[in-house]
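Please open the structure in your viewer and keep the selection tool at hand. The tour below proceeds from one selection to the next.

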Amino acid sequence: MIIILSLLKIDVKIVMFISIITATVLSVVYQGADIIDLLNVYVFGYKAQNAELAKLMDGGGLVSMLKPVIIVLLSSAYFGVFDKTPILKPVKMLVEKFSRRFTVFGSMIFTAIFTSAIACSQALATVLTYQLTMDIQKDKYEHALDIENTAVILPTILPWNIAAAIPLTTIGASNESILFAFFIILLPIYTFIKRIIKRENI
């Protein structure tokens, strides 16, 4: 049902709410879960009885979202600071030069890798990439797609960025595992090649 609602492009908040309600009903009716226990899971997260399963399944809950919320708030604060000061002006000029030579998307790839490497946070990398590239991509819809295909996914291939470090640590995987993130690596490359071909045909 959730997949169908997503395909119908229903607002993600509505889809998530329906998902929570559906899961709650199924847990109570078919698994005999206690409402108090479910509320405890919603707030403090799930804790599996099996030690091996716990490594992958434990977590979640509202409390676990406090750190991400703080990170997003700090990133938003940086957005205001950078927007009102000329700190990023030299970098923006460099980004514009890259866009003329390597296409707008190519410039966004370089920018996203740079911001992901120095910010160590997916949220801050996204904010910085947006600010640095907002003048070279005027179409807001295309800009949003380009950020999604660069700044949102590329932090996950840098081991020191928390977008990669936390999942790798959680499942006990090595940094070399990143080399098998084929979709994340190939998507920007594929899009970049498409943009190069498109520019050549204009």
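Is Thr-111 buried or exposed? Please bear in mind that the model is predicted. Select Thr-111: its relative accessibility is 5%, and because buried means under 20%, this residue counts as buried.

**First stop: Thr-111 and Ser-107**

Keep Thr-111 selected and display the helix around it. Thr-111 belongs to helix α6, which covers residues 89-119. Next, add Ser-107, which is also placed in helix α6. With a relative accessible area of 1%, Ser-107 is buried.

Now look between these two residues. A polar atom in the side chain of Thr-111 lies 2.7 Å from the backbone oxygen of Ser-107.

Which residues does Thr-111 contact once neighbours within four places in sequence are left aside? Select Val-95, Thr-129, Leu-132 and Thr-133 to see them. For Ser-107, with residues up to four places away in sequence not counted, select Val-95, Phe-98, Ser-99, Phe-102 and Ile-136. Val-95 appears in the list for Thr-111 and also in the list for Ser-107.

**Second stop: Lys-138**

Move the selection to Lys-138, in the loop between α7 and α8, the latter being residues 140-148. Is Lys-138 buried or exposed? Its relative accessible area is 64%, and since exposed means over 50%, Lys-138 is exposed.

Display Asp-135 as well. The backbone oxygen of Asp-135 lies 3.4 Å from a polar atom of the Lys-138 side chain. Then select Val-127 and draw a distance between C-alpha atoms: Lys-138 and Val-127 are 16 Å apart in space, and eleven residues apart in sequence.

**Third stop: the largest pocket**

Turn next to the pockets. The largest pocket holds about 470 Å³ of space. Its lining comprises 18 residues, and those closest to the centre are Leu-38, Val-41, Tyr-42, Gly-45 and Gly-61. Colour helices α2 (12-30) and α3 (35-44), each of which supplies at least two residues of this lining. Which element gives the largest share of the lining? It is α3, with six residues. By class, the lining of the largest pocket consists of ten nonpolar, six polar and two charged residues.

**Fourth stop: the second largest pocket**

The second largest pocket contains about 380 Å³ of space. Select Pro-68, Ile-71, Gln-122, Ile-162 and Ile-166, which are the closest to its centre among its 14 lining residues. Three helices can then be coloured: α5 (66-84), α7 (122-133) and α9 (162-171) are the elements that give two or more residues to this lining. Nine nonpolar, four polar and one charged residues make up the lining of the second largest pocket.

**Last stop: the whole chain**

Clear the selection and show the entire chain as a cartoon. How many helices and strands does the chain have? There are ten helices and zero strands. The C-alpha atoms fill a box of roughly 60 × 35 × 35 Å along the principal axes.

Colour the chain by accessibility. Of its 202 residues, 26% are buried. The accessible surface amounts to about 13,900 Å², and carbon and sulfur atoms account for 71% of it. Finally, consider the contacts between residues at least 6 apart in sequence: 56% of them join residues at least 24 apart.

Note on methods. Residues numbered from 1 in each chain as written. Predicted model: local features only at pLDDT ≥ 70, side-chain atom pairs only at ≥ 80, totals over all residues. Heavy atoms only, no water. 1 Å grid on protein atoms, 1.4 Å probe; cavity = no way out; pocket = protein on both sides within 12 Å on 5 of 7 lines; lining within 4 Å. Points joined across faces, edges and corners; volume = space filled by probe spheres on them. Helix = DSSP H or I, 4+ residues; strand = E, 2+ residues; numbered from the N terminus. Nonpolar A, V, L, I, M, F, W, Y, C, P; charged D, E, K, R; others polar. Buried < 20%, exposed > 50% of the residue type's maximum accessible area, 1.4 Å probe, protein only. Polar contact = N/O pair within 3.5 Å; in protein donor to acceptor, adjacent residues only side chain to side chain. Contact = heavy atoms within 4.5 Å. Areas by Shrake-Rupley, 256 points an atom, 1.4 Å probe, with all protein chains shown as cover.
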